[in-house]
Each structure stands twice: as C-alpha cells, then as structure tokens.
Amino acid sequence: MPKKYLVAALSLLAASVAAGVGVLVLRRTHQEPPPVSPTVPRVEEVSRALAERTESRPS
C-alpha cells in the first residue's frame, strides 16, 4: 500500500515539474507580433509619445 502512495506522489511531482518547464518554454518562445506595416506605429508607441509630449510641454 505505501508503494502506491509513493508512486502517486512521485508521478504528481514529475507532472508538476513538467508543467512548470512547459510554461517556461512557452513564455520564452512567445514573441510580440510584428506591426501591421513598418510605417504604422503601434498603439502603445503612439500613446507613449503623446504622454511624453504632454509631460514635456511647458505650462
């Protein structure tokens, strides 16, 4: 009986480690999609540039 629990615990541990490794591999391979066009900036870039422009403007 104790061997069954040991096998179950070890297989659960192995499955958890495998899932963790899988998540890490997926995060490293995930890339940001390229912009629609090289001449069209991303929305994030436009909003960041607008925020910078309004911050640097003298009142």
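1. Let's start with the overall surface. The accessible surface of the protein chain comes to about 5,900 Å², and 67% of that area belongs to carbon and sulfur atoms. Please keep in mind as you read that this is a predicted model.

2. Next, the general layout. The protein chain has two helices and zero strands. Of its 59 residues, 2% are buried.

3. Now have a look at helix α1, which covers residues 2-29. How far apart are its end C-alpha atoms? They are 41 Å apart. With 28 residues at 1.5 Å a residue, the helix should span 40 Å, so the expected span and the model agree.

4. Is helix α1 largely buried or in the open? The number of buried residues among its 28 is zero, so α1 lies largely in the open.

5. There is a nonpolar patch on the surface that is worth finding in the viewer. L6, L10, L13, V17, V21 and V25 make this patch, with an area of about 560 Å². As a helpful piece of background, an α-helix has 3.6 residues a turn, so residues three or four places apart point the same way.

6. Let's pick one member of that patch. V21 lies in helix α1. Its relative accessible area is 47%, and because buried means under 20% and exposed means over 50%, V21 counts as partly exposed.

7. Finally, turn to helix α2, which spans residues 43-56 and contains S47. S47 has a relative accessibility of 42%, so this residue is partly exposed too. What lies 3.0 Å from a polar atom of the S47 side chain? The backbone oxygen of E44 is found at that distance.

Definitions and conventions: Residues are numbered from 1 along each chain as its sequence is written. This is a predicted model: local features need pLDDT of at least 70, side-chain atom pairs count only at pLDDT 80 or more; totals for chains, interfaces and linings use all residues. Side-chain values use heavy atoms; hydrogens and water are left out. Helices (H or I, at least four residues) and strands (E, at least two) are DSSP runs, numbered from the N terminus. The expected span of a helix is 1.5 Å times one less than its number of residues. Buried means under 20% relative accessible area, exposed over 50%, partly exposed in between (1.4 Å probe, protein chains only). Patches are made of residues with over 30% relative accessible area and no salt bridge: like charges are joined within 9 Å, nonpolar side chains (Val, Leu, Ile, Met, Phe, Trp, Tyr) within 5 Å. Accessible areas come from the Shrake-Rupley method with a 1.4 Å probe; for residues, only the protein chains shown count as cover. A salt bridge is a side-chain nitrogen of Lys or Arg within 4 Å of a carboxyl oxygen of Asp or Glu. A polar contact is a pair of N or O atoms within 3.5 Å; within protein, one must be able to donate a hydrogen and the other to accept it, and residues adjacent in sequence count only if both atoms are side-chain atoms.
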